[in-house]
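Biologist: Could you take me through one part of this model in close detail? I would like to see how a pair of neighbouring elements fits together, and what surrounds one residue there.

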Amino acid sequence: MPYMKLKVKQMLKSKFTWISLIAILVGCLSFWAKNYYASKSDSMELSTAKANVAIQKKNVIYFQKELKQKKLDEDNKKQIRKSLKSSQSDIAEKQKLIKALQSKDWQKAYPIMIKEAKFWLADAKKNGSDSEAVAISKRDLLELQTLAKQHLPKEQTINPVKGSFFLIFVMEQFLPILVVLAVIFVLVKIFASDYFDRMRLGNLLPQNRLVLSEFSTGSLMGFCYFLVTFLLIFLIPSLFAGTGNFYYPIAGMNPVTKEYIFIPMHQLLLPILLLELLSFIFISGMVLFFVQFFKNPIIALLFSVLILVGGMVIPQYIVAERSFAQFIPMSYFFALQPVNGMFGISNSYVIADETKLVTYPQVNFTNGVIVLLVGILILLLLNYFVAEKAQKGIKTS
């Protein structure tokens, strides 16, 4: 316990800890500020409805002019009158939607929006759209039906401003990479100083207790760093835009049926935190191993970044790597993706051209827990082995 307190104090006194934390917050909150100012304008639903009304009004003028032409036969006139009536009906319906959206009367808005979503789904199926386009149309319809059933207002989840929604957004996109990178730098600095202190101490202290203390202390510091960042990114936007509803349905994927589902936000939080806890225990063990093995903090830092951060990014970029991603512990550092079934679908790093919706049911919460626990156990044994070898070297010298 005194060792842990000493190292926590060392971490808190380190300038890099605070500089990296501030840099992460500034980076994330710059996205939030952009979303916040954009939220002052019309919502996407309201803008689309207004644009549709403008287009249909032009159509009405065009059809009325066409009807005045003397050369038209009765069949053409009948067809134009039908189109004119359809445009006028659409204008009336969209004006009702605009009024409902402006007054936030969602019970009047949802039936119109659901009707439109059903039209686009039928259109996607009729035109033979690819599986991903059909799945997205189904998702949009299911979202509206779920919100209408639960009597919840539709929130901005694509460019969110409320605390909980923005937190989910950054967890899905880039926050895990930023925190893992910062924690690696912090742990390398702390573990490297510990290693050389231990070399000087020789065999005055039992190596197994030192390794376990370092392992657990690094895990605690890494997870606490993440948790502080996690809470601040939730709290700061919440002060300005509200927390958001924790029962709000968040889009997920049933990777087996390849259909979108909606999960209440509060059901995602505990599994996310558990996977992140195991992830930072794994990170602590990996960094400690490299520090002991290479005995050089620069090389240890380089290998830690390449393997841990590289292992996070590669499955996001390279589709071929996803076929065995369930065996890579770093696949679970983006903890939201295995929990909501959106691994390989929801992130911002995918650059592959996939014309069909491809899911990865093997990358899930249960496998994440198993793979990370096995990895932690292996790293613990490796660290004990390297420490014992170093101690024998000290005794013989």
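Modeller: Happy to; here is a look at the pairing of helix 3 with helix 4, and then at Ser87. Please keep in mind that this is a predicted model.

For the setting, the chain has 13 helices and 2 strands. Buried residues account for 47% of its 397 residues. Of the contacts between residues at least 6 apart in sequence, 75% link residues at least 24 apart. The accessible surface of the chain is about 20900 Å², and carbon and sulfur atoms contribute 65% of that.

Now to the pair itself. Helix 3 covers residues 44-67 and helix 4 covers residues 74-102; their axes lie 8 Å apart and make an angle of about 155 degrees. Because angles over 145 degrees count as roughly antiparallel, that is the description that applies to helix 3 and helix 4. The crossing of helix 3 with helix 4 is left-handed. Sorting the residues of this contact by character gives 12 nonpolar, 9 polar and 8 charged.

Let us zoom in on Ser87, which sits in helix 4. Its relative accessible area is 6%, so Ser87 is buried, the cut-off being under 20%. Beyond its neighbours within four places in sequence, Ser87 touches Gln56, Asn59, Val60 and Phe63. Helix 3, with its span of residues 44-67, takes in those positions. One more distance helps to place Ser87: its C-alpha atom is 9.4 Å from that of Lys58, a residue 29 places away along the chain.

Terms used. Residues numbered from 1 in each chain as written. Predicted model: local features only at pLDDT ≥ 70, side-chain atom pairs only at ≥ 80, totals over all residues. Heavy atoms only, no water. Axes fitted to C-alpha atoms, helices over the stretch in contact; angles between N-to-C directions. Helix = DSSP H or I, 4+ residues; strand = E, 2+ residues; numbered from the N terminus. Parallel < 35°, antiparallel > 145°, perpendicular 65-115°, else oblique. Left-handed = near helix turned anticlockwise from the far one by under 90°. Nonpolar A, V, L, I, M, F, W, Y, C, P; charged D, E, K, R; others polar. Buried < 20%, exposed > 50% of the residue type's maximum accessible area, 1.4 Å probe, protein only. Contact = heavy atoms within 4.5 Å. Areas by Shrake-Rupley, 256 points an atom, 1.4 Å probe, with all protein chains shown as cover.
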